[in-house]
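Q: I would like a close look at a single part of this protein. Please keep the account plain and connected.

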Amino acid sequence: MNYKVIEKQYRDFILNIKSYFQKSENRVIYDKRNIIKVVDFLDKKYVVKSFKIPHLLNKIVYRFFRESKAKRSYDNSVKLLKLGINTPKPIAYIEYYSSIFFTESFYISEFFDYDFEIREVFSDLNYPNRKNILKKFIEFSYQLHEKGVFHIDYSPGNILIKKEDGEYLFYIIDVNRMKFLPLDNALRMKSLSKLTKNKDDNDYMLRHYTLVSNINEILLREKFDFYLKEEIKYLKNKKKLKKLRGR
């Protein structure tokens, strides 16, 4: 077993996380590949993510050669906060393993009471103050890129928004797959290519990204169009594969 907590007061919580997690069976907020629940500790709410138990090969890979998703989630969240990028406060992570195999892991963060996801804005063309939210979102994305953050899963469900004092604050989640490096135009546009297929929205966001970054729009559009086509192709192939598996 290996674990890390941001403060000593959470040690009992993390060491007994399986028990806390099991008792919160009616507070599931996500249950697909991984399971995410809201858990209470010392009269506060926390989000606990239980990562899917890896297959045999990855049990060895994560035991000896690669950091777990829980550890990466914790470490990346700490890095983001140091860079001034909003993400729910990391509390702890814990890994379980035998002498040979990695078995399971958990990541814990503070519960964040956000107002809405950017997904809602993309899906509703009549969303209140829609254009301004997209504009502010692009400014946030540009700052993310300028600080050397490449969020591999930069998708609509992983961007949360809180409105405070008339301002929109953006938070990113699901941060275990992330790189910290200088971003060229290709990576900047690849980052934005998974958000929406709506041409009007993409045109609007690209124009504003050009404005705030002072990068040539033609150069950005060329890269964006390439990665958008790649994303569409990937999703089509994924859909075909699901159909084949379902037969």
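Which strands does helix H4 (residues 69-82) lie across, and at about how many degrees does the helix run to S5?

A: The model is a predicted one. In it, helix H4, residues 69-82, lies across three strands: S1, S5 (90-97) and S6. Relative to S5, the helix runs at about 160 degrees.

These strands belong to an open sheet of six strands, ordered S1-S5-S6-S4-S3-S2 and paired in the antiparallel sense. At the edges are S1 (2-5) and S2 (28-31), each of which pairs on one side only. From one strand to the next, the twist averages 20 degrees.

S6, at residues 102-110, also pairs with S4, at residues 44-50; this antiparallel pairing runs over five bridges. One residue pair can be named here: Tyr 46 has Glu 110 in S6 as its bridge partner.

The nonpolar cores complete the picture. The largest has 33 residues, and those touching the most other members are Ile 118, Ile 133, Phe 137, Tyr 154, Phe 170 and Ile 172. Elements giving two or more residues to this core include strands S9 (159-164) and S10 (167-172) and helices H6 (130-146) and H9 (217-246). H6 supplies the largest share, seven residues. Beyond its neighbours within four places in sequence, Tyr 154 is in contact with residues including Phe 137, Phe 140, Leu 144, Ile 159, Ile 172 and Leu 195. Apart from this core lies another, of 15 residues, among them Val 48, Ile 91, Ile 94 and Phe 106.

Conventions:
Residues numbered from 1 in each chain as written. Predicted model: local features only at pLDDT ≥ 70, side-chain atom pairs only at ≥ 80, totals over all residues. Heavy atoms only, no water. Pairing = 2+ DSSP bridges. Helix = DSSP H or I, 4+ residues; strand = E, 2+ residues; numbered from the N terminus. Axes fitted to C-alpha atoms, helices over the stretch in contact; angles between N-to-C directions. Contact = heavy atoms within 4.5 Å. Core = buried A, V, L, I, M, F, W, Y, C linked by side-chain atoms within 4.5 Å. Buried < 20%, exposed > 50% of the residue type's maximum accessible area, 1.4 Å probe, protein only.
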